[in-house]
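Trainee: Could we go through this model term by term, so that each label is set against its definition?

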Amino acid sequence: MDGQREHEGRAPRWWHGPSWGIPRGDEEQRPRWPWPSTVLITAFVLFGSNFAAHAQAGERAGLDPFARTLLFVTGAALLWRQRYPVPVVFGTAVTTLVYLGAGYPYGPVFVAVAVACFSAVVAGHRRAAWAAMGTLWAGHALVAHWLYRWLPPSGDSAAPWGQELVIAAWVVAITALSELARARREQWARERAERAQAVRRRADEERLRIARELHDVLAHSISVINVQAGVGLALLDTDPEQARTALSTIKDQSKEALGEVRQVLDTLRTPGDAPRAPAPGLDRLPELVEQAAGAGLTVEVVGKPPRLSPGTDLAAFRIVQEALTNVVRHSGSRHARVRLDRDGGTLLLRVDDDGPATGAEAGGSGNGLAGMRERAAALGGTIEAGPRPDGGFRVRAALPIDVKRTTHAKEDDR
């Protein structure tokens with residue numbers, strides 16, 4: 001368990017996103033040390049400054065051990081740029097300013113400051129980065145135009161103001177590039193979060209779809225099996241032939257339920273494949289009526305369904321199936337009526353029974369009704385279910401006849 005907790009606490013090894021996106025509050029999830037880039041930049045600063053010293057010999061002071069120490073410290077400080085971006089950007093600006101104030105040659109020392117500024121801006125410390133770069137520029141202007149009289153090299157003169165404009169332009173360019181990189185990374189982070197949210201939403205929709213399918217299939221079949229099992233037990237001794245008929249119905253219902261459950265589970269195993277059997281629709285309404293009759297329920301069907309899209313056809317069948325299942329389980333009536341009408345582009349579906357309810361959960365336990373509402377809402381339809389004034393129960397649904405293929409109706413083809 002301790003090993004598992006330790007593994008859960010540290011940053012995953014497969015993390016390839018920007019290291020500054022990891023929360024800083026957890027020591028185990030801090031970004032990795034940027035050793036390769038820091039070594040490369042430090043080496044470039046040290047060797048590049050040697051070439052700059054030869055090119056500026058006689059104009060600037062030569063590199064001594066103190067100068068090399070400043071260059072090394074400036075480059076090595078970048079090792080902490082992702083963990084402590086604000087101290088690093090100010091630290092590199094100060095060491096660079098001391099280096100220039102000591103009269104050492106201009107060169108790639110500005111690269112370390114640029115990298116530190118970039119890291120600070122990307123990490124979200126924009127004001128600190130701007131302040132550090134502004135301090136560097138103002139300090140250099142002060143040294144180059146006033147303090148140069150008392151600073152090495154001796155005999156130095158004031159730098160031209162055009163040089164300050166060039167340095168200011170570089171400062172602005174570095175910070176602008178850092179801001180652009182920060183904006184792009186934030187955009188990428190938002191896009192990744194949106195993609196992850198879309199994946200989670202699709203997974204939730206698929207989970208709900210499978211839950212509805214399993215509920216509708218199992219609730220109906222098990223209700224019929226339960227009724228027939230009771231009939232078979234009651235008539236086993238007095239009427240063996242009728243008991244045999246009940247057992248035959250149980251066998252057929254269980255076989256059909258297993259087939260539909262396998263179809264749902266096959267969708268989970270091979271989501272890219274086409275289903276092995278077509279999704280049920282209102283064309284199987286006579287079969288549903290026959291199954292209800294086997295459970296002792298007489299169903300009267302009025303009207304014929306129009307040509308429906310696969311999504312509406314499946315939803316209408318499942319709604320009728322769940323409504324008749326609830327009549328068998330929760331109503332004292334042994335007679336139900338199913339009415340199908342068309343109103344323009346809408347299918348009007350109504351299932352009635354005369355009651356009375358046989359338990360507190362009249363009309364269903366709640367899961368079935370919730371599933372019916374989800375099916376109707378996914379297609380842009382509506383559903384109403386509740387007791388009638390005369391003591392019966394009514395389920396009334398309005399479903400669009402033609403449904404476009406959308407994310408919410410992908411179950412239409414399954």
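Trainee: What covers the buried residues of helix α4?

Mentor: The cover includes α2 (35–55), α3 (65–76), α5 (109–122) and α6 (126–145), where helices are DSSP runs of H or I with at least four residues, strands are runs of E with at least two, and both are numbered from the N terminus. This is a predicted model, in which local features need pLDDT of at least 70 and side-chain atom pairs count only at pLDDT 80 or more, while totals for chains, interfaces and linings use all residues. Residues are numbered from 1 along each chain as its sequence is written, and side-chain values use heavy atoms, with hydrogens and water left out.

Trainee: Which residues of α4 are called buried?

Mentor: Buried means under 20% relative accessible area, exposed over 50%, and partly exposed in between, with a 1.4 Å probe and protein chains only. In α4 the buried residues are Pro85, Val88, Val89, Thr92, Ala93, Thr95, Thr96, Tyr99, Leu100 and Gly101.

Trainee: Why is Trp137 called partly exposed?

Mentor: Trp137, which is found in helix α6, has 30% relative accessibility and therefore counts as partly exposed.

Trainee: How does the span of α4 compare with the expected one?

Mentor: The expected span is 1.5 Å times one less than the number of residues. Helix α4 (residues 85–101) has 17 residues and reaches 24 Å from its first C-alpha to its last, close to the 24 Å expected. After α4 comes Gly103, with a positive phi near 85 degrees.

Trainee: What makes β4 and β5 a pair, and in which sense do they run?

Mentor: Two strands pair if DSSP finds at least two bridges between them. Strands β4 (residues 382–387) and β5 (residues 393–400) have six bridges, in the antiparallel sense, and one of the bridge partnerships joins Ile383 to Ala397 in β5. The two strands form a hairpin with five residues between them, and Gly391 in the turn has a positive phi of about 105 degrees.

Trainee: Why do β1 and β4 count as edges of the sheet?

Mentor: Five strands form an open sheet of mixed pairing in the order β1-β2-β3-β5-β4. Strands β1 (298–302) and β4 each have a single partner strand, so one side of each is left without a neighbour in the sheet. Further in, β3 (residues 346–353) and β5 pair antiparallel over eight bridges, and β2 (residues 335–343) is joined to β3 by eight bridges, also running antiparallel. Arg350 has Arg396 as its bridge partner in β5, while Arg339 stands opposite Arg350 in β3.

Trainee: What makes a group of residues a nonpolar core, and how many residues has the largest one?

Mentor: A nonpolar core is a set of buried Ala, Val, Leu, Ile, Met, Phe, Trp, Tyr and Cys residues joined through side-chain atoms within 4.5 Å. The largest has 35 residues, and those with the most contacts inside it are Leu297, Ile319, Val320, Leu324, Val338, Leu349 and Val395. Helix α10 gives the most to this core, with nine residues.

Trainee: Which residues does Val320 contact, leaving aside its neighbours within four places in sequence?

Mentor: Contact means heavy atoms within 4.5 Å, and with those neighbours left aside Val320 is in contact with Leu285, Leu288, Val338, Leu349 and Val351. A second, separate core of 32 residues includes Ala61, Ala67, Leu78 and Met133.
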